[in-house]
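Visitor: Please take one small part of this chain and look at it closely. After that, I would like to follow the connections outward into the rest of the fold.

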Amino acid sequence: MVNHMNISYDSYWIFYHAARYQGFTQAAEILGSNQSNVTRTIKNLETALGCKLFIRSNRGARLTPEGEKLYAHIALAFEHIQAGENEVASKQSLQSGLVTVAASEIALHCCLLPVLKAYRAKYPGVRIRVSNCSTPQAIGVLKDGLADFAVVTMPRNLPKTLRRHRIMDVREAPVAGGAFSALRGKTLTLRELVRCPLVGLGPHTATFDFYSRLFSAEGLSFRPDIEAATADQILPMVKSDLGIGFVPEAFARDDLLSGTVFSPVLETPIPKRPICLLKQENQPLSIAARELEHMIEDKRSWS
């Protein structure tokens with residue numbers, strides 16, 4: 001049995017060229033080596049394999065039957081290697097690849113969508129997969145290695161294996177429909193607001209945790225009468241007069257301008273909510289993922 005561990009990659013590389021160009025001199029020129037080195041390598045390879053691989057003549061070198069069999073396998077192997085190198089080089093040049101992002105609804109609409117549009121225009125060959133989930137779900141996805149990074153509202157507790165980079169702050173406001181028009185022009189406390197039916201996200205979301213802490217500071221409980229599955233469902237429910245909801249100002253800008261909804265004035269404005277980028281501490285990113293990360297962190301990409 002042949003001890004393959006004693007035969008180097010370089011030996012097969014030299015054999016491949018000698019066989020392909022049917023001559024040791026030609027192989028040496030292609031490899032930037034010399035004929036004596038090629039000859040010595042082929043002899044060592046023949047000794048290791050226990051058979052003759054070439055028949056040399058004045059016209060060059062032709063393969064023996066054993067050499068033909070070996071070349072068929074070696075050529076296929078090196079073609080696969082070259083194809084792999086070309087594929088990696090293509091990905092390195094941002095001509096192809098896949099980037100997976102876990103994003104909360106607020107982060108998606110407030111900062112991520114315009115960046116994805118700019119990225120797609122710049123690198124059309126790169127596929128983008130966006131996983132729409134809550135902040136706790138995004139953290140789980142990252143820990144399981146199923147996303148390159150996440151863009152979410154700032155979590156209160158972050159696992160030690162994750163790093164975060166603050167991207168921007170979002171201002172949220174209460175919005176109400178026509179059924180609550182009696183509140184127009186009034187300045188309300190949270191205690192007065194909580195007497196009205198509320199629309200909000202359910203437990204196990206960063207938004208629910210944020211408002212629970214906000215209301216708790218006033219000795220109140222945050223218990224939405226209507227629970228929405230995603231943040232973008234809150235405004236349609238508000239417009240249907242199901243209750244008062246809290247949404248980023250950007251979500252409701254058009255409806256506020258048209259008068260479809262209005263924003264009750266609070267005695268104490270709602271604190272801004274940070275949006276951040278999360279990623280694994282020691283997980284390397286592909287070139288494509290790193291470029292998207294840089295564009296997200298660069299506010300010039302948001303327009």
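Guide: Let us begin with Ser11, which is found in helix α1, and keep in mind throughout that the model is a predicted one. The relative accessible area of Ser11 is 15%, and because the limit for a buried residue is under 20%, Ser11 counts as buried. Leaving aside residues up to four places away in sequence, Ser11 touches Thr41 and Leu45.

The same helix also carries aromatic residues. With ring centres required to lie within 6.5 Å, the structure has 15 aromatic pairs. One of them joins Tyr9 and Trp13: the ring centres are 6.3 Å apart and the planes meet at 15°, so this pair is stacked. Both residues belong to helix α1, which covers residues 9-21, and they are four residues apart, about one turn of the helix. Neither ring carrier is classed as buried, since Tyr9 is partly exposed at a relative accessible area of 46% and Trp13 is partly exposed at 31%. A further pair is made by Tyr16 and Phe78, whose ring centres lie 5.2 Å apart with planes at 50°, so the arrangement is tilted. This pair links distant parts of the chain, because Tyr16 sits in helix α1 whereas Phe78 sits in helix α4 (residues 65-92), 62 residues apart. Tyr16 and Phe78 are both buried.

From the helix we can turn to the sheet. Five strands make up an open sheet of mixed pairing, in the order β4-β3-β5-β13-β6. Strands β4 (127-132) and β6 (162-170) stand at the edges with a single partner strand each, so one side of each has no neighbour in the sheet. On average, and with direction ignored, neighbouring strands of the sheet are turned by 20° against each other.

The pairing can be followed strand by strand, starting from the β4 edge. Strand β3, residues 98-103, pairs with β4 in the parallel sense over six bridges, and Val99 has Ile128 in β4 as its bridge partner. On the other hand, β3 also pairs with β5, again in the parallel sense, over three bridges, with Ala102 standing opposite Ala150 in β5. The sense is antiparallel between β5 and β13, which pair over four bridges, and here the bridge partner of Ala150 in β13 is Leu278. Ala150 thus has a bridge partner in β3, namely Ala102, and another in β13, namely Leu278. Strand β5 is mostly covered, as five of its five residues are buried.

Helices lie against these strands. Helix α6 (residues 135-143) lies across β3, β5 (149-153), β6 and β13 (273-280), and runs at about 165° to β5. Helix α11 (residues 287-297) also packs on the sheet and touches β3, β5, β6 and β13, its direction making about 25° with that of β5.

Charged side chains add further links, and the structure holds eight salt bridges. In one of them the side chains of Glu293 and Lys279 meet, at 2.7 Å from N to O. Glu293 belongs to helix α11 and Lys279 to strand β13, so this salt bridge ties together parts that are 14 residues apart in sequence. Glu293 counts as buried at 6% relative accessibility, and Lys279 is buried as well, with a relative accessible area of 14%.

Strand β13 contributes to another salt bridge, in which the side chains of Arg273 and Glu172 meet at 3.2 Å, N to O. Because Arg273 lies in strand β13 and Glu172 in strand β7 (residues 172-175), the pair ties together parts 101 residues apart in sequence. Arg273 and Glu172 are both buried. The charged end of Arg273 also sits over the ring of Phe210, 4.7 Å from the ring centre. Phe210 in turn belongs to a cluster in which ring pairs link Phe208, Phe210, Tyr211, Phe215, Phe222 and Phe246.

Two further sets of charged residues complete the tour. Arg166 forms a salt bridge with Asp169, with the closest N and O atoms 3.0 Å apart; Arg166 is partly exposed at 49% relative accessibility, and Asp169 is partly exposed at 34%. Finally, Arg156, Asp209 and Arg213 are linked in a network of salt bridges.

Methods: Residues numbered from 1 in each chain as written. Predicted model: local features only at pLDDT ≥ 70, side-chain atom pairs only at ≥ 80, totals over all residues. Heavy atoms only, no water. Pairing = 2+ DSSP bridges. Helix = DSSP H or I, 4+ residues; strand = E, 2+ residues; numbered from the N terminus. Axes fitted to C-alpha atoms, helices over the stretch in contact; angles between N-to-C directions. Contact = heavy atoms within 4.5 Å. Phe/Tyr/Trp six-rings, centres within 6.5 Å; stacked < 30°, edge-to-face > 60°. Buried < 20%, exposed > 50% of the residue type's maximum accessible area, 1.4 Å probe, protein only. Lys NZ or Arg CZ within 6 Å of the ring centre and 35° of its normal. Salt bridge = Lys/Arg side-chain N within 4 Å of Asp/Glu carboxyl O.
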